Number of protein chains: 2
Amino acid sequence: MTARTLGKAINKLKESGVRITPQRHAVLEYLITSESHPTADEIYKALEGKFPNMSVATVYNNLRVLRNIGLVKELTYGDDSSRFDCNMTEHYHIICNDCGKIVDFHYPTLDEVESLAEQVTGFEVSHHRMELYGKCEDCQQHDSQKH
Amino acid sequence: MTARTLGKAINKLKESGVRITPQRHAVLEYLITSESHPTADEIYKALEGKFPNMSVATVYNNLRVLRNIGLVKELTYGDDSSRFDCNMTEHYHIICNDCGKIVDFHYPTLDEVESLAEQVTGFEVSHHRMELYGKCEDCQQHDSQKH
DNA sequence: TATTAAATGATAATCTTTATAAATAGTTTA
DNA sequence: TAAACTATTTATAAAGATTATCATTTAATA
């Protein structure tokens, strides 16, 4: 399944006229196979075995390229590093306040909020972002074990 | 009205056992009177007339204190500087992609999303954030004038 | 007013991300 | 296939926001 996804993604790269370098391929592959939402640094560290000479800038460059093509979404949270998400089906995220885990959360897109906002504010709405925050099940268990 | 708000805020500071220094008072006052959502640096620059010796660190320190007490909300957006919001009534924000303007947008809190997320993910949800993005009326006009 | 803990100011440090520029390597074309 | 053309990579410096450190100052209160 991920192999197929990777193939599709690479086709999209080719169509966009983007060169497929080993480093780029590896970044993309890592994003697709890892089920997580890694930071640029995590990707960098994960690939330094294969590419001991790879620069951090290369990771950032490739993430920007992938994002511009629309293969990757960048999740930004204040000071912390951005995280990158390769799952392009529409979904929201829920984030653990304690351990930082990010879990996908499917919910119908909030179109009605967007249309109301257009009426009220006069903006032309392009998109929205929403995240939920809370405590994940693991951290809830850790808590209950302490008491 | 803002005078009253400022008074209330200062009472809350006193109750919390937080000292009211001239700098802290000025930061709070600026946040309340300015209808905008300033960055730390904007506050710093706005107050350097009154406090030529004030350190940027002082602005950050005070913003952290005010946030911890619950008088101020920090709005974080990736790389860009955080913005600080003193309007503690529940509301969302809509942000202009072109000029960065942030406008308050009132909408009933999305409680049903939170409760559904709890069921689906097993998280204990504490809160959520949502922002809308688009083009504000000013920037729409600028565009139409160009064509 | 004297005391004491908290806050300030100056500065250095940290951390993420971007810019720069020379070297390298895909891709295209002859 | 080899040469040529660029995009990409690498290494490094730089930028920008925020935090840490620590000596100095100051607000609160007894």
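Two residues are in contact here if their C-beta atoms, placed from the backbone, lie within 7 Å. Keep that in mind as you click around, and remember that this is a predicted model.

**Stop 1: chain A by itself.** Hide everything else and show chain A as a cartoon. Among its contacts between residues at least 6 apart in sequence, 51% join residues at least 24 apart. Colour by secondary structure and you'll find six helices and five strands. Walking from the N terminus, the order is α-α-α-α-β-β-β-β-α-β-α. The C-alpha trace of chain A spans about 50 × 45 × 30 Å along its principal axes, and 20% of its 147 residues count as buried.

**Stop 2: the two domains.** Select 2-85 of chain A and give it one colour; that's domain 1. Then pick 92-146 for domain 2. The C-alpha centres of these two domains of chain A sit 24 Å apart.

**Stop 3: bring back chain B.** How does chain A lay onto chain B? A turn of 179° with a shift of 0.0 Å along the axis does the job, at an RMSD of 0.2 Å. The two copies are thus related as by a two-fold rotation axis. To find that axis from chain A, go to A:Met130: its C-alpha is the nearest one in the chain, 2.1 Å away. Both copies use the same surface, as 100% of the contact residues of chain A recur in chain B.

**Stop 4: where A meets B.** The contact takes 32 residues from each of chain A and chain B. On the chain A side, select β4 (102-105), α5 (111-121), β5 (124-135) and α6 (137-146), the elements that give two or more residues. Which element gives the most? That's β5(A), with twelve residues. Colour this side of chain A by class and you get 15 nonpolar, eleven polar and six charged residues.

Now zoom in on β5(A) and its counterpart, strand β5 (residues 124-135) of chain B: they pair in the antiparallel sense over eleven bridges. For one of the bridges, pick A:Glu124, whose partner in β5(B) is B:Lys135.

**Stop 5: DNA strand D.** Show strand D and the 26 residues that surround it. The closest come from both chains: A:Thr21, A:Met54, A:Thr58, B:Ala57 and B:Ser82. Next, highlight α2 (22-33) and α4 (56-69) of chain A, plus α3 (40-47) and α4 (56-69) of chain B; each supplies at least two residues of the surface near the strand. The largest share, four residues, belongs to α4(A). By class, this surface near strand D has ten nonpolar, eleven polar and five charged residues.

Technical notes: Residues numbered from 1 in each chain as written. Chains lettered and ligands numbered in written order. Predicted model: local features only at pLDDT ≥ 70, side-chain atom pairs only at ≥ 80, totals over all residues. Least-squares fit on C-alpha atoms with pLDDT ≥ 70 in both. Buried ≥ 20, exposed ≤ 12 C-beta atoms within 10 Å, placed from the backbone. Domains from an automatic or database assignment. Near = placed C-beta within 6 Å. Nonpolar A, V, L, I, M, F, W, Y, C, P; charged D, E, K, R; others polar. Pairing = 2+ DSSP bridges.
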